[in-house]
Amino acid sequence: ILLLAGLYLVVVSLAALRRLGHGANAFRLTTQLVAGDIYQRTRNPMSLGFYMCCISAGLLAGSTTITVFALIAIIPTHLLYLIYFEDLEVGLRLGPAYLAYKQNVSFLIPRRVT
């Protein structure tokens, strides 16, 4: 279930980036702010899906090593990258619209849209 949910988040976020932002994650940066679809619930749905897939890989393989490595190395390292580099780059590229979006949408954990 965790793997399927993670894959769903990755696929839905990629589709939203292409459809709403005219980009494709790291391959072609979006030219405009994507604040609809899954991105109205969390700013980093693709990363959340990736984390879920990493943990699922370890659990499905029955490997404590892979699971622990994902939890203490891969996920924290990627979170630091998101917080200290990507967030800054996106803010510089998309400007005030992103800063307003950032104040209203959760960093990682999805929240209900009211």
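Helices here are DSSP runs (H or I) of at least four residues, numbered from the N terminus. Keep in mind that this is a predicted model.

**Exercise 1.** Work out how H1 and H2 are arranged relative to each other.

*Solution.*
Step 1: Two packed helices are described by the angle between their axes and the distance between the axes.
Step 2: Let's get those values. H1 covers residues 2–21 and H2 covers residues 45–61; they pack at about 155°, with axes 7 Å apart.
Step 3: Angles over 145 degrees count as roughly antiparallel, so H1 and H2 are roughly antiparallel to each other.
Step 4: Now the handedness: the crossing of H1 past H2 is left-handed.
Step 5: Look at who touches whom. On H1, the contact includes Leu-7, Val-10 and Leu-14, and on H2 it includes Phe-50, Met-52 and Leu-59.
Step 6: Sort the contact residues of H1 with H2 by class, and you get 17 nonpolar, four polar and no charged.

**Exercise 2.** Do the same job for H2 and H3: find how they are oriented and what their contact is made of.

*Solution.*
Step 1: The axes of H2 and H3 cross at roughly 170° and come within 9 Å.
Step 2: That makes H2 roughly antiparallel to H3.
Step 3: This time, H2 passes H3 in a right-handed crossing.
Step 4: Tyr-51, Cys-54 and Ile-55 are among the H2 residues that meet H3, whose partners include Ala-70, Ile-74 and His-78.
Step 5: The class count for the contact of H2 with H3 is 14 nonpolar, four polar and no charged residues.

**Exercise 3.** Decide which orientation word fits H3 and H4.

*Solution.*
Step 1: H3 and H4 pack at about 130°, and their axes are 6 Å apart.
Step 2: An angle must be over 145 degrees to count as roughly antiparallel, while 65 to 115 counts as roughly perpendicular. H3 and H4 are therefore oblique to each other.
Step 3: Asp-87, Val-90, Gly-91 and Leu-94 of H3 touch Pro-96, Ala-97, Tyr-98 and Lys-102 of H4.
Step 4: By class, the contact of H3 with H4 holds five nonpolar, one polar and two charged residues.

**Exercise 4.** Describe the largest pocket and find which helix gives the most to its lining.

*Solution.*
Step 1: Start with volume: the largest pocket has about 630 Å³.
Step 2: Its lining has 27 residues, with Leu-17, Tyr-39, Arg-43, Asn-44 and Glu-86 lying nearest the centre.
Step 3: H1, H2, H3 (64–94) and H4 (96–104) each supply at least two lining residues.
Step 4: H3 gives the most, with nine residues.
Step 5: Finish with the classes: the lining of the largest pocket has 16 nonpolar, six polar and five charged residues.

Conventions:
Residues numbered from 1 in each chain as written. Predicted model: local features only at pLDDT ≥ 70, side-chain atom pairs only at ≥ 80, totals over all residues. Heavy atoms only, no water. Axes fitted to C-alpha atoms, helices over the stretch in contact; angles between N-to-C directions. Parallel < 35°, antiparallel > 145°, perpendicular 65-115°, else oblique. Left-handed = near helix turned anticlockwise from the far one by under 90°. Contact = heavy atoms within 4.5 Å. Nonpolar A, V, L, I, M, F, W, Y, C, P; charged D, E, K, R; others polar. 1 Å grid on protein atoms, 1.4 Å probe; cavity = no way out; pocket = protein on both sides within 12 Å on 5 of 7 lines; lining within 4 Å. Points joined across faces, edges and corners; volume = space filled by probe spheres on them.
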